[in-house]
Amino acid sequence: MSAPASVPYLPMTRPTIDDETIAGVGAGHEVITTPLSWVATSNVILEVGAKPVFVDIDPVTRNLDLDRVEAAITPATRAIIPVDLAGLPVDRDRLYAIAKKHNLRVVEDAAQSMGTTWQGQRIGGFGDFVSFSFHPNKNITTIEGGCLVMNTEAEAKLAEQYRLQGVVRSGFDGMEVEVVGGKFNLTDVAARVGLGQLPRLEEFNAKRRELARAYFDEFAAPGAAAAGLGLPVADFKQSNWHMFQVMLPAARLTLTRAEVMAKLHAAGVGSGVHYPPIHLFAIYRRLGWKEGDCPQAEAVGRSILTLPLFPTMARSDVTRVVNALVKILADHKKA
Ligand SMILES: *Cc1c(COP(=O)(O)O)cnc(C)c1O
């Protein structure tokens with residue numbers, strides 16, 4: 001049963017003091033992030049009682065536009081949460097230069113970029129605070145779960161406390177609770193699934209890269225190129241190709257995106273939308289965000305379409321997907 005509509009939305013604010021949250025972010029603080037992500041990216045900001053500040057994306061990379069970040073920094077800003085959408089890395093050199101200059105934490109939402117690199121270094125192998133997801137749609141999975149990368153023993157210890165009700169055990173019978181924790185522990189079964197997946201990360205990502213190349217080859221063929229689709233950045237060096245996303249040529253079509261998806265579905269091809277811009281969801285509108293605040297993210301959010309891409313996909317599947325999509329677009333072109 002869902003809550004009655006009359007119950008107002010209340011951000012879940014934990015009774016923490018600033019130095020109790022690992023990144024030092026709490027009530028009264030602002031956190032800069034991208035509007036084009038899974039809503040979890042910004043929900044965590046609300047969860048600690050802080051204010052999300054959405055900065056528009058770069059329509060080419062579809063990631064946070066670093067040219068716009070500094071203008072959004074105020075005395076209340078404490079952190080930046082970048083997202084490597086589809087596995088394409090945000091420029092870490094520029095990102096960390098901005099953070100350093102303004103004394104901000106960087107909380108990397110690297111849920112989509114396990115195995116991605118920046119200038120030869122793995123995401124998570126450097127930087128401030130990095131968060132990975134092992135949800136089944138990610139590049140490796142534990143069914144549910146994830147992992148945090150931190151810099152200091154103190155931060156790691158605090159995370160361990162938050163993980164399970166704040167409990168700290170000592171000796172055979174000692175137990176103390178110093179912070180308000182939750183129930184965020186990874187189960188042993190999930191951990192075992194992850195240990196099976198981890199050694200295969202490179203193999204999975206190599207296969208994804210190969211399939212992404214195949215998409216580019218297929219979309220470059222004369223018939224397909226004429227369809228007018230917008231393609232992602234062709235990065236075969238750093239990206240883990242978590243997703244392959246195209247932009248539909250909306251102005252040239254007599255179909256809506258949902259109709260294109262329905263026709264793909266009828267042709268046996270699954271597709272998805274990642275993502276509708278976060279700032280236009282009701283709970284964020286209630287905080288004052290509105291249409292026009294992030295026009296690039298809104299435009300991308302309207303036309304973006306995620307095509308199938310997973311390691312067990314065959315090369316011939318890519319041809320089938322591209323042919324199906326190109327035919328739908330050709331059959332429903334504006335006169
Ligand atoms: C999947 C995802 C998350 C959430 O990960 P969970 O494991 O479901 O908590 C957060 N951010 C981004 C960008 C994601 O893709």
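**Exercise 1. The cavity lining**

Determine how the residues lining the largest cavity of this predicted model divide into nonpolar, polar and charged.

*Solution.* Step 1: list the lining. From the earlier part of the chain come Val 60, Thr 61, Arg 62, Leu 85, Ala 86 and Leu 88; Pro 232, Val 233, Ser 239, Trp 241, Met 243 and Gln 245 complete the lining.

Step 2: assign classes. Eight of these residues are nonpolar, three are polar and one is charged. Arg counts as charged, and the lining includes Arg 62.

Step 3: describe the cavity itself. Its volume is about 110 Å³, and the search of the whole structure finds one cavity of 30 Å³ or more.

**Exercise 2. An aromatic pair distant in sequence**

Classify the geometry of the ring pair Phe 54 and Trp 289, and state which parts of the chain the pair ties together.

*Solution.* Step 1: place the pair in context. The structure holds 11 aromatic pairs.

Step 2: apply the geometry. The ring centres of Phe 54 and Trp 289 lie 5.1 Å apart and the planes meet at 80°, so the pair is edge-to-face. The cut-off for this class is an angle over 60 degrees.

Step 3: locate the partners. Phe 54 belongs to strand E2 (residues 51-54), while Trp 289 sits in the loop between helix H9 (282-285) and helix H10 (295-303); the pair therefore ties together parts that are 235 residues apart in sequence.

Step 4: assess burial, for which the limit is under 20% relative accessible area. Phe 54, at 5%, is buried, and Trp 289, at 16%, also counts as buried.

**Exercise 3. A stacked pair and its cluster**

Decide whether the pair of Phe 236 and Trp 241 is stacked or edge-to-face, and name the cluster that contains both rings.

*Solution.* Step 1: the centres of Phe 236 and Trp 241 are 5.9 Å apart, with 25° between the planes, and the pair is stacked.

Step 2: compare accessibility. Phe 236 is partly exposed, with a relative accessible area of 22%, whereas Trp 241 is buried, at 3%.

Step 3: extend to the neighbours. Ring pairs link Phe 236 and Trp 241 with Tyr 215, Phe 216, Phe 219 and Phe 244 in a cluster. Trp 241 is also one of the residues lining the largest cavity.

**Exercise 4. A hairpin**

Describe how strands E9 and E10 are joined.

*Solution.* Step 1: E9 (residues 167-170) and E10 (residues 174-177) run antiparallel and are joined by four bridges.

Step 2: identify one partnership. Arg 169 has Met 175 in E10 as its bridge partner.

Step 3: examine the turn. Three residues stand between the strands, and Gly 171 takes a positive phi near 60°.

Terms used. Residues numbered from 1 in each chain as written. Predicted model: local features only at pLDDT ≥ 70, side-chain atom pairs only at ≥ 80, totals over all residues. Heavy atoms only, no water. 1 Å grid on protein atoms, 1.4 Å probe; cavity = no way out; pocket = protein on both sides within 12 Å on 5 of 7 lines; lining within 4 Å. Points joined across faces, edges and corners; volume = space filled by probe spheres on them. Pairing = 2+ DSSP bridges. Helix = DSSP H or I, 4+ residues; strand = E, 2+ residues; numbered from the N terminus. Phe/Tyr/Trp six-rings, centres within 6.5 Å; stacked < 30°, edge-to-face > 60°. Buried < 20%, exposed > 50% of the residue type's maximum accessible area, 1.4 Å probe, protein only.
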